[in-house]
Each structure stands twice: as structure tokens, then as C-alpha cells.
Amino acid sequence: MAPPPKPDPFPADSQREVDAGAVFVLQSKGEWWHAGFHLTTAIVGPTILTLPYVFKGLGWALGFFCLTVMGMVTFYAYYLMSKVLDYCEKDGRRHIRFRELAADVLGSGWMFYFVIFIQTAINTGVGIGAILLAGECLQIMYSSLSPDGPLKLYEFIAMVTVVMIVLSQLPTFHSLRHINLASLFLSLGYTFIVVGACVQAGLSKNAPSRDYSLESSGSARVFSAFTSISIIAAIFGNGILPEIQATLAPPATGKMVKGLMMCYTVILLTFYSASVSGYWAFGNKSNSNIIKSLMPDEGPSLAPTWVLGLGVIFVLLQLFAIGLVYSQVAYEIMEKKSADVKQGMFSRRNLIPRLILRTLYMIFCGFMAAMLPFFGDINGVVGAIGFIPLDFVLPMLLYNMTYKPPKSSLIYWVNLSIMVVFTGAGLMGAFSSMRKLILDANKFKLFSSNVVD
């Protein structure tokens, strides 16, 4: 007698019909270009203004090399993950959550909880960081208009949090498609503004003296290099590709690759131009936010104030979109437990819990942003231990486990090499980021009005 079939722990289509997280938040209605908008918002954000600072720790040659390699590896990794998702869909197991995909393919229950822990750390971290940076943008504009004004950073963070609470009530990931299209244009807008401003600054009579030398100490140079690599990994990472692919109307096969092509076209236009222009203009004096280099504390602004102000407004507006995109996994988890599919998305039964839970989540993120204005250093650690496993290791492992390429094949060894190299880089990046966190500890002050770079 054949043994009875084991119950499937991963939701089939019939089970998803009563899964509010799947039916409401991860509603599958999108086209490939919508996925491109979501991906671009998840990857191409104000963190690209950090790239000249990244080059400061690597130099010209190594900076270009690491940026290019990381771009190629992440594109390859996301392509492999989309192939695995397509394979599972054709096999009758369409996965709409990263944690379910990893646990199903790897056959390990602990992997489900590992992925959900890492995803939660990344998404909450990005949500806190987006609110903090948006508050800082408001503070920059306020300080330029009223240098001696009484408002503090935490008050601007509170204003941003209120706006995020309102926007967070958009019920589905798919409903963000128009916001994320605007986000794509905003990223192009502030990148080209900053590039033009850096070129003008570099050619002006007040141009700073340029020095492209690295740190003199060998150990400090190594730590700076790995910190820079960790930052690049965090910039290219997103950790929510399966959830983005879930928004595509079935069949999703092949659509995600088109979305990736759109996203990486924008990456090509923005990442290299921001890196080259900023590092060329300021060398090893590049700030972790290149706009601050263009607006030094001493001396005149190195670009027209109104131009930089426009760039800051563009950054501010895009941060709202980024905060919304990275909140979707949290909302999906909440809604799966709190909502009732039978009652309808906008019924009182579902509307009130959604309003309360999403408001509480945003208040938590806003409070943490106000309390920890040195979150950039913490985010470096989160990037190293979060983005690298999800975006540089797991996609290759999932592909090898799903397609089972022969151990003698090139693709098997390429995937294995990427996993080994980036696991090592992640560990070194985490150590370097922890070291920077400790070195900067004396600058930290809870509820400070100054963000620690």
C-alpha cells in the first residue's frame, strides 16, 4: 500500500483564496512595467548619493570594479530567482513570499523563520531610515529658510510619520504602481541635479582641492574597503523580489525579466553618473551624502541653493515611496492574521484593524528614527548581514537546488563561487560596519537633532 501523501505546508491557490495577506496586500493584477516601477523604487533610492563616499574607501579602479561586479551579480541573482519562481509556478506551486519559496525549495522549516527574520530586519530598517532621511530633508530646507529656527529633527520626523500614516492606508502593493512610477522619475531628477551641481562645483573658483589618495594605514584601508563593499551591497539589495513578482497577473513567467531590464537601465544611468561626478568633484573629502558636500558648513554653497533645494525636495518625495514599498511585507503579515477575506477589503471588519495596525507600525518606525538619528551606522550592519544572504547567496542556492545543474557544469561552480565569495564579504562587511559603529559611539545621542554620518 502506498503511503498517504504528506500535507503541503505551502499554500495552494485554493488556500490563498482565504489568505488575506495574499488576496489583499499581494494582489496579483500588475503588468511587467509595474514590477519595473516597484523594483526601481526598491533599489534606486537616495542611497546612491552615498556612492562618492563609497569610492572614497575604494579609489577609482576598485570602486568601478566593485560597483560593476555587484551590479552584474545582483542582476544575475534576481534573474535566477525569477527563474526559480517561474519553475515553481509551472509546477503548480506559485510562491508569492520569499520565506515560503526558500522553505519549499530547501525543504527546511527553519529557513522559513530565517528569511522572515532577515526580511523583517531589512524592511523595518529601511522604513526607519526612510523616515529619518525624510525628516533630515525637511530640516535642511527649514535651516536654509530659518537658520535660527526652534524646530528640532525629531519634530520633522513626527511630521513625516503623520504623512506616512496617511499613505500607509493604500491597501495593496499594486496600488503603489503610480507612486512608484513617480518615484522612478524623481530618482532620475535628483541624480541629474546632483551630477550637474557636482560638475559645476568641480569647475568653479571655489572648487575644493581634490585628493584621491586612500587612507595611509593598511588596516584602516582594508576596513574602509569592506565597509564600502557592504554599502554597495545594501544599495543594490532589495530582499523583496518574490513579493514584487507576486503582484504580477498570472502567468508571471518571463515578465519579471522585463521589469529587471527596466530597473537596471535606470541603475546604469544613475549609479555611475552620481559616483563619477561626486568623487571627481570632492575626492576623499566626499561626504556620506554628497548634497552635504555641495552645501558645506563653512563657506558659500558650491551650487545654486534653489537647485539643491529642488534636489532635496525630490529626495524627500521619493523617500515616502521607498518607505511604502518596504512596508508591504509587514502589512502582508499583519493582514494575513487580522483580516477576513470573506468580509471584503474595505469592510469595517477589515478597515479598522488595517488602520490601527499600520498606524502603530508607522509610529514605531517614526519613534525609532527620532530616538536613533545615528541609524546609518546600524543600517550598515543590517545591510551586511541581511541583504547579502538574501540577494547574493540564497538566489544561487535556490537555483542549484531547483534545477540541479551537474556538479561539473560551469553554472554550478559560478553559483557556488558567488555564494562563497559573498558570504566572506558579508562577514567582513559586518565586522567592518560593527567597528565603525563602535568608533562612532561617542557621537551618539538619543533624540539628537544631528544625524551621525
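This is a short tour of one predicted model, going from a patch on the surface to buried residues and then to a cavity.

Begin on the outside by selecting I352, L355, I356, L357, L360 and I363, which together form a nonpolar patch on the surface with about 520 Å² of accessible area. Within that selection, pick out L355, a residue of helix α15, which runs over residues 348-371. L355 has a relative accessible area of 45% and is therefore classed as partly exposed, since that class covers values between 20% and 50%. When you look at the spacing of the patch along the helix, it may help to recall that an α-helix has 3.6 residues a turn, so residues three or four places apart point the same way.

Next, select helix α14, residues 328-338, which is mostly covered, with 8 of its 11 residues buried. The buried residues to colour in α14 are Q328, V329, A330, Y331, E332, M334, E335 and S338. To see what covers them, display the surrounding helices, which include α2 (20-25), α5 (98-106), α6, α10 (241-246), α13 (305-325) and α15.

From there, move to helix α6, residues 109-145, and select N123. Is N123 buried or exposed? N123 counts as buried because its relative accessibility is 3%, where the cut-off for that class is under 20%. If neighbours within four places in sequence are left aside, the residues in contact with N123 are I240, Y326, V329 and Y361; one of these, V329, is also among the buried residues of α14.

A second buried site can be found by selecting S183 in helix α8, residues 177-203. S183 counts as buried because its relative accessibility is 0%. Which residues does S183 contact, once its neighbours within four places in sequence are left aside? The contacts to display for S183 are T41, Q318 and A321.

Finally, turn to the empty space inside the model, where there are 2 cavities of 30 Å³ or more. The second largest cavity holds about 30 Å³ of space, and its position can be shown by selecting the lining residues L85, E89, R94, H95, Q245 and A246. The elements that contribute two or more residues to this lining are α4 (51-90) and α10. Keep α10 on display for a last look, because the same label came up earlier, among the helices that cover the buried residues of α14.

Notes
Residues are numbered from 1 along each chain as its sequence is written. This is a predicted model: local features need pLDDT of at least 70, side-chain atom pairs count only at pLDDT 80 or more; totals for chains, interfaces and linings use all residues. Side-chain values use heavy atoms; hydrogens and water are left out. Patches are made of residues with over 30% relative accessible area and no salt bridge: like charges are joined within 9 Å, nonpolar side chains (Val, Leu, Ile, Met, Phe, Trp, Tyr) within 5 Å. Accessible areas come from the Shrake-Rupley method with a 1.4 Å probe; for residues, only the protein chains shown count as cover. A salt bridge is a side-chain nitrogen of Lys or Arg within 4 Å of a carboxyl oxygen of Asp or Glu. Helices (H or I, at least four residues) and strands (E, at least two) are DSSP runs, numbered from the N terminus. Buried means under 20% relative accessible area, exposed over 50%, partly exposed in between (1.4 Å probe, protein chains only). Contact means heavy atoms within 4.5 Å. On a 1 Å grid over the protein atoms alone, a cavity is a set of points where a 1.4 Å probe fits but cannot get out, and a pocket is an open set with protein on both sides within 12 Å along at least five of seven lines; lining residues have an atom within 4 Å of a point. Grid points are joined across faces, edges and corners, and a volume is the space filled by probe spheres set on the points.
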